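Me: Could you look at this model with me? I'd like to talk about its empty spaces and a couple of helices.

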Amino acid sequence: MSSTESPSVSAASVLPRVAPVRVGEGERLRSVGLPGVTLSIRSRPPAREGLPPALYVHGLGGSSQNWSALMAELDGVVDGEAVDLPGFGDSPPPDDGDYSVTGHARAVIRCLDASERGPVHLFGNSLGGAVATRVAAVRPDLVRTLTLVSPALPELRIQRSAVPTGLLGVPGVAALFTRFTQEWTAEQRVRGVTALCYGDPGRVSPEAFEYAVEELERRLQLPYFWDAMTRSARGIVNAYTLGGQHGLWRQAERVLAPTLLVYGGRDQLVGFRMARKAARAFRDSRLLTLPDAGHVAMMEYPEVVAGAFRELLAEAGDASGRDEARRTPAGARGPGPRGAAADATATGAGS
């Protein structure tokens, strides 16, 4: 494994010059070369030695920035890293062009194997939730606990508001969408995404909105941007149709790790009704429902999600989790004060 660190790094020397990825206060960004893929990893220096490792996996159209708020909340609880999936954030496309759920899961597994950080506390949102589920099912040795925020698991009745995201995977639709929206500004696109992904778009601070627009403008300059989006959307749709042992619900039943499930009552992309089904499918699960949250609860309510994770650690017998839970006021583990959102997904999709 090769690794370089700097305040901001370009994805690969063959790509066009674009603005550097923004790195938040207290964060670092590094590039890791693995067989067939190069991944960008966002991290925070651990507050102290010996903290258990954690890995965060974002959703469709997102990036490691989607986890910045939660990573900050869990500073001192875990030694956290967030990955940019191949083709997203600051990670270039995979060499084989495989954007399936299995392809993304393979990249995460290679990352964990190479870093030798496992077993980790694995987090996933939406597409990242499907990826994390598959990783936990096929490589239980790599996963200590599993936290899923609005995971993209198959639904028989998909919400109407989620249909455009699924249609991105249909050949030709992305090209039509690009032509139809070519006059849209980055600001208009980001407003559309926040309206789709947040239970209350007003929670996005002006600074976070500005960062999201800046990141979208950067990504739109990448020649593979829409290809990564459409192929990953197609990967989600294909994963929904798989049956047998490769089906995501069957794999959810195989997960051994203690699991925290987080669902938002105002989620327009993953049905809130799926929360109970997920709680039944994962054999050792805890369910957190947030009636006012949308699709990215870890960005809307990072302090509440962090509190629920601390409780998961305490129940799972993690010593650092018990210590941190004792240091945390009880009120911080319930629906407490609303925190500022950190970032918005960048496209108008966002699953």
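Reply: A cavity here is a set of points, on a 1 Å grid over the protein atoms alone, where a 1.4 Å probe fits but cannot get out, and its lining residues have an atom within 4 Å of a point. Grid points are joined across faces, edges and corners, and a volume is the space filled by probe spheres set on the points. The model is predicted, with local features needing pLDDT of at least 70 and side-chain atom pairs counting only at pLDDT 80 or more, while totals for chains, interfaces and linings use all residues. Residues are numbered from 1 along each chain as its sequence is written, and side-chain values use heavy atoms, without hydrogens and water.

Me: How many cavities of 30 Å³ or more are there?
Reply: The search of the whole structure gives four, and the largest has a volume of about 70 Å³.

Me: What lines the largest cavity?
Reply: Its lining includes R44, Y56, M71 and D79.

Me: OK, switching to α3, is it buried or exposed?
Reply: Helix α3 (a DSSP run of H or I, at least four residues, numbered from the N terminus) is largely enclosed by the rest of the structure, because eleven of its twelve residues are buried, meaning under 20% relative accessible area with a 1.4 Å probe, protein chains only.

Me: Which elements do those buried residues pack against?
Reply: Among them are β6 (120–125), β7 (143–149) and α8 (225–241), where contact means heavy atoms within 4.5 Å and a strand is a DSSP run of E, at least two residues.

Me: And which α8 residues are buried?
Reply: They include F225, W226, M229 and I236.

Terms used: Buried < 20%, exposed > 50% of the residue type's maximum accessible area, 1.4 Å probe, protein only. 1 Å grid on protein atoms, 1.4 Å probe; cavity = no way out; pocket = protein on both sides within 12 Å on 5 of 7 lines; lining within 4 Å.
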